[in-house]
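Visitor: Could you take me through one part of this model up close? I'd like to stay with a single spot and work outwards from there.

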Amino acid sequence: MLPDNLKENAQQIVDSIKAASKILVTAHLRPDGDATGSVSGLVKSLQKAGKTVEAGMIDGIPERFAFVWPEVMLYREPTINSDHDLIIVLDSGDADRTGFTYNRNPQKTTMINIDHHASNTMFGDLNYVDTQASAACEIVAALLDYGGFPIDADVAVSLMLGLVTDSRFFQNEGLRHTAHLAAAHLLQTGLDTSPILNTLNSGRSELDLRVQGFGLSNFKLECDRRLATLVITSADLQKLGAGTGNIFGSGIFNLLLSMNETYASVVIFERDDGMSFCEFRSRGGVNVKDVAVAMGGGGHVPASGCSRAVPVGQLAAEAISLMQKQVEAFFASAEKRA
């Protein structure tokens, strides 16, 4: 189901896809289930529609989500010399968030921006940004249906992956009814959801759980227990024999929000190449997007992130300070309203 105010945008995108022969589909750095699912689902559908399709994921495909990935040419180098008719960027607040530089002739190659992040910069030649959508996969499912493109069980398993992961199993606050309509439509294809459920519910590795255990033993509480913070250094990961992928696989970002008094969390960690990352999560209306944007990142009110080539301690100090101010201001305002 498409919002009325976006149907004109949708028609322009559908017309562009139908007129195109060669298409590149990309998504953001460090792809999660929604980025992986939306790219793979769109690629599969367009391949079935007879298009020549290529994909770009500069960090590659997460091993745990490889089961949805199709046979497709995959760009990993940071510069793409594009001879495509279309570049479709999914689930990214801006083009730089993909990690790619696109050398393209705008007269030949149209860039389409399809996203649901409130921090989106409207960077495309054509933009479809639905900030109320639960996931990029929800949008892709609606656009494919609207345009009459193939949606079979193979396409549906990719889109369901992103729909389930980005909606936190349909538990996000303010979830729109269209998320459930999209899921119903995908289930009608006869897709087997067991690979998704097995991966998400029982697909963690030993190292994922070691990282989870480290996180649960080392987080700190701030702001009268309303904010949970955790710093994971590369030395910590080395001791565990783990990598940054195990941090994402551990579930620690959302787990820190499971305490009844805690409304926001930030996990700060570093990769061994010197890049440091923040993952922000919240519930109850605490806006972590503004903090992420202030730090050069983006995302949603309850889930955002950023990255920077600085020491992890430096990024942690800034992130924790800004989050403390954000949480304190939120609850001060709530007390005034009460």
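Is tyrosine 263 buried, exposed or partly exposed?

Guide: Keep in mind that this is a predicted model. Tyrosine 263 counts as partly exposed, because its relative accessibility is 26% and the buried class stops under 20%.

Now look at what sits around that ring. Tyrosine 263 pairs with phenylalanine 331 in an edge-to-face arrangement, with 5.3 Å centre to centre and 70° between the planes. Phenylalanine 331 belongs to helix H12 (residues 312-337), whereas tyrosine 263 is in the loop between helix H10 (252-255) and strand E11 (264-270), so the pair ties together parts that are 68 residues apart in sequence. The partner is tucked away: phenylalanine 331 has a relative accessible area of 12%, so it is buried. The tyrosine has a charged neighbour too, since arginine 283 lies over the face of tyrosine 263, 4.2 Å from the ring centre.

Slide back along the chain and you meet another pair. Phenylalanine 248 and phenylalanine 253 are also edge-to-face, at 5.5 Å centre to centre and with 85° between the planes. Here again burial is split: phenylalanine 253 is buried at 7% relative accessible area, while phenylalanine 248, at 32% relative accessibility, counts as partly exposed. Both rings belong to one aromatic cluster, together with Phe269 and Phe277. Across the whole structure there are 7 aromatic pairs.

For another ring with a charge over it, go to phenylalanine 149. The charged end of lysine 18 sits over that ring, 5.9 Å from its centre.

Stepping back to the nonpolar packing, the largest core has 55 residues, and Val39, Ile88, Ile114, Tyr128 and Leu186 have the most contacts inside it. Helix H4 (residues 153-166) supplies the largest share of this core, with 8 residues. A second, separate core has 22 residues, among them Cys223, Val286, Val288 and Val310. As for tyrosine 128 from the 55-residue core, leaving out residues up to four places away in sequence, the residues it touches include Leu2, Pro3, Leu6, Ile114 and Leu143.

Before you go, check two backbone spots. Aspartate 91 isn't a glycine, yet its phi is positive, near 60°; it lies in the loop between strand E5 (86-90) and strand E6 (101-103) and is buried at 2% relative accessibility. Arginine 225 also has a positive phi without being a glycine, about 75°. That arginine 225 is in the loop between strand E9 (220-222) and strand E10 (227-232), and at 43% relative accessibility it counts as partly exposed.

Notes
Residues are numbered from 1 along each chain as its sequence is written. This is a predicted model: local features need pLDDT of at least 70, side-chain atom pairs count only at pLDDT 80 or more; totals for chains, interfaces and linings use all residues. Side-chain values use heavy atoms; hydrogens and water are left out. Helices (H or I, at least four residues) and strands (E, at least two) are DSSP runs, numbered from the N terminus. Buried means under 20% relative accessible area, exposed over 50%, partly exposed in between (1.4 Å probe, protein chains only). A nonpolar core is a set of buried Ala, Val, Leu, Ile, Met, Phe, Trp, Tyr and Cys residues joined through side-chain atoms within 4.5 Å. Contact means heavy atoms within 4.5 Å. Rings of Phe, Tyr and Trp (its six-membered ring) pair if their centres lie within 6.5 Å; planes under 30 degrees apart count as stacked, over 60 as edge-to-face and the rest as tilted. A charge sits over a ring if NZ of Lys or CZ of Arg is within 6 Å of the ring centre and within 35 degrees of the ring normal.
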